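Biologist: Please pick one part of this protein and take me through it closely. Start from its own residues, then show me what lies around it.

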Amino acid sequence: MAVAGTPAVSEDAAAQDAAEQESAFSHPFVEPDATASYGDHPDQVVDFYAPRVDLGGAKAPLVVVLHGGAWRAAYDRRHIAPLAAFLAGRAFAVASVEYRRGGAEPGAAGRWPQTLDDVAAAMDALPGLVADALPQADPRRPIVVGHSAGGHLALWAAARHRLPDGSPWRRPGPSLGGVVALAPIADFLKAGELSVCSGAALQFLGGPDRFEERRPSADPAALLPTGVPSTVVQGDADIVVPAEVAESFVRAAADAGETVRLTQVAEAGHFPLIDPAADACALVAEEITRLVAVAG
């Protein structure tokens, strides 16, 4: 697979992106109510945020959050903690999942197979972890929310029953209530064409020699249809993961006979979707609420 050069970006677009990123990353880390491990590695942990609303004894819907950062080690779950707390304030119980990132080379995107090992293990362990660490939550049919590379992981988690036979990550059937993917790296071919995050998807799969071999086990666009209700939320001014990636994934879903809802946020870039100070973040909460109702 060839990786094209990075498309030219205007000074205004770059300035908008920088300002939006600064705002999203300006919020202080929010300490979780509990943290639990799903493995022995320091990155195999989940932070739990209890709902900040009195539900009168009812169980809160569980929202699983997967952070982004191009699967690179420099970005961990701390930057998405304000979003997790924001959702807890909207009466959700929230599980923010950490996973192994990076690689042997500095700045490498993801680890194969450890990144996917961890997401699969965390999702499988969540019912038990929730019972102990977050008893206010209803772990049945959780809604998974992921941003950027985390959006890829959320869509991938919903498609595990579509993985090739013999895959160690395969499940017998869908187990999620829905997915809200925020500016996801959802189509690896289109992401490669656009050199999204400096060719992160190509790096994640181990380079051009392994790309075609591994893509059927990792690319959400290659794992359709899933039967899991899914929404993609995309800023139309995103220069980090451009809207073309989301649009390509939605078209692939339609070609596979599945409808994926695409909600475009006018004049928004990549980071307002996880910024509690931005209007886009409220829209994300609304999409989660809609899928909770669909999941029943």
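Modeller: First, a word on names. Helices and strands here are runs assigned by DSSP, numbered from the N terminus; a helix needs at least four residues and a strand at least two. Remember too that this is a predicted model.

I pick helix α8, residues 243–255. Begin with its length. At 1.5 Å a residue, its 13 residues should span 18 Å. The C-alpha atoms at its ends are 18 Å apart, so the helix agrees with that expectation.

Now look at which residues of α8 are hidden. A243, V245, A246, S248, F249, V250 and A253 are buried. What do these buried residues of α8 pack against? Two helices, α4 (149–158) and α5 (188–193), and two strands, β7 (230–235) and β8 (261–265). Just past the end of α8 comes G257, with a positive phi of about 85 degrees.

One residue of α8 leads us to a hole. F249 helps line the largest cavity. The whole structure holds one cavity of 30 Å³ or more. The volume of the largest cavity is about 60 Å³. Besides F249, the lining includes L155, A158 and A159, then P220, L223 and L224, and also T226, S230, E258 and V260. By class, eight of the lining residues are nonpolar, two are polar and one is charged.

L224 deserves a second look. The peptide bond from L224 to P225 is cis, with omega near -5 degrees. Most peptide bonds are trans. P225 sits in the loop between α7 (211–214) and β7. So α8 packs against β7, while a residue that lines the cavity joins a cis bond in the loop before that strand.

Next, move to β8, another partner of α8. T263 lies in this strand. Is T263 buried or exposed? Its relative accessible area is 13%. Buried means under 20%, so T263 is buried. Set aside its neighbours within four places in sequence. T263 then touches T231, V232, V233 and Q234, and also L283 and E287. L283 is 20 residues from T263 along the chain, and their C-alpha atoms are separated by 9.2 Å.

Those last contacts take us to α9, residues 279–295. Check its length as before. Its 17 residues should span 24 Å, and its end C-alpha atoms are 25 Å apart, which agrees. In α9, A280, C281, V284, A285, E287, I288 and L291 are buried. They cover an arc of only 160 degrees around the axis, which puts them on the same side of α9. The repeat of a helix helps here. An α-helix has 3.6 residues a turn, so residues three or four places apart point the same way. The face of α9 turned away from its buried side carries D279, E286 and A293, and these are exposed.

What covers the buried residues of α9? The cover includes the strands β3 (60–66), β5 (137–147), β6 (178–182), β7 and β8, along with the helix α2 (81–88). Thus β7 and β8 meet buried residues of α8 and also cover buried residues of α9. Just after α9, G296 has a positive phi of about 75 degrees.

Last, visit the loops by some of these partners. Most residues other than glycine have a negative phi. S195 is not a glycine, yet its phi is positive, about 50 degrees. Its loop runs between α5 and α6 (200–204). S195 counts as buried at 9% relative accessibility. W71 also has a positive phi, about 60 degrees, without being a glycine. It lies in the loop between β3 and α2. W71 counts as buried too, at 0% relative accessibility.

Finish beside α4. R160 is placed in the loop between α4 and β6. R160 is buried, with a relative accessible area of 4%. Leaving aside neighbours within four places in sequence, its contacts are A120, M123, D124, W169, R170 and R171.

Notes
Residues numbered from 1 in each chain as written. Predicted model: local features only at pLDDT ≥ 70, side-chain atom pairs only at ≥ 80, totals over all residues. Heavy atoms only, no water. 1 Å grid on protein atoms, 1.4 Å probe; cavity = no way out; pocket = protein on both sides within 12 Å on 5 of 7 lines; lining within 4 Å. Points joined across faces, edges and corners; volume = space filled by probe spheres on them. Nonpolar A, V, L, I, M, F, W, Y, C, P; charged D, E, K, R; others polar. Expected span 1.5 Å × (residues − 1). Buried < 20%, exposed > 50% of the residue type's maximum accessible area, 1.4 Å probe, protein only. Contact = heavy atoms within 4.5 Å. Arc of directions from axis to C-beta.
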